[in-house]
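The following paragraphs offer a guided reading of one protein model. Please keep the sequence and the coordinates at hand while reading.

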Amino acid sequence: QGVYHEVNALLDGTADPALQEKYAAVLPPLHLLDTLREKRLILRKKRGAPAIEAEESVFCLDENGVCTEILPRRSGKGESLIEECMLLANESAARLAKERHLPFVYRVHAQPPAEKALRLAEMLNLLGIAHPALDHPQPKDYAKILENAEETPLKAAVHQMVLRSMSKADYETDPIGHFGLALSDYA
């Protein structure tokens, strides 16, 4: 029953003694999960999965429920930890169903349509962002595009362009894999 901002403080070393005491019983497994999270992120990068950053917003409301401000939502290690655990559970469930030939519903993400990939390449050329050939794009190609835009003022725009160039994820009974996660099995 952790709270993200508290778990983030515990994991980034800024938790005060009272917070450390509150979570004392779960600190060792929490740090173990954080180690797992770090290893999973390394594996995701090795698979060539693009790490698309999509900024979310937080609406700040006053005492009357009126929105007074919209701020970017910041995610920390706690949110990433939960995300990685969910991804691992979904990948494991899909792999088990596939291996045992069980009827199952998979979360699938097809390769980007050729016309969208070519349009992305044209836009990147106009913006001067280096990129691999996108005639038969692979997840690692999209990861390379994001890497090439990382230190430019166009980073946020390129992330949006890459996201919009991809197929929409869908649900299917055939396990065709998940392009965006560079996984052959995903549910």
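In which sense do strand β1 and strand β2 pair, and over how many bridges? In this predicted model, β1, which covers residues 57–61, and β2, which covers residues 67–72, are paired in the antiparallel sense over 5 bridges. Two opposing positions help to fix the register of this pairing. Serine 57 of β1 faces proline 72 in β2, and cysteine 60 is placed opposite glutamate 69 in β2. The two strands form a hairpin with 5 residues between them, and in this hairpin glycine 65 adopts a positive phi near 80 degrees.

Attention now turns to a pair of helices. Two packed helices are described by the angle between their axes and the distance between the axes. For helix α6 (residues 139–149) and helix α7 (residues 155–165), the axes come within 9 Å and cross at roughly 165 degrees. Because angles over 145 degrees count as roughly antiparallel, α6 and α7 are described as roughly antiparallel to each other. The crossing of α6 past α7 is right-handed.

Which residues make this contact? On the α6 side they are Tyr142, Ile145, Leu146 and Ala149; α7 contributes Lys155, Val158, His159, Val162 and Ser165. By character, the residues of the contact of α6 with α7 comprise 6 nonpolar, 2 polar and 1 charged.

Key: Residues numbered from 1 in each chain as written. Predicted model: local features only at pLDDT ≥ 70, side-chain atom pairs only at ≥ 80, totals over all residues. Heavy atoms only, no water. Pairing = 2+ DSSP bridges. Helix = DSSP H or I, 4+ residues; strand = E, 2+ residues; numbered from the N terminus. Axes fitted to C-alpha atoms, helices over the stretch in contact; angles between N-to-C directions. Parallel < 35°, antiparallel > 145°, perpendicular 65-115°, else oblique. Left-handed = near helix turned anticlockwise from the far one by under 90°. Contact = heavy atoms within 4.5 Å. Nonpolar A, V, L, I, M, F, W, Y, C, P; charged D, E, K, R; others polar.
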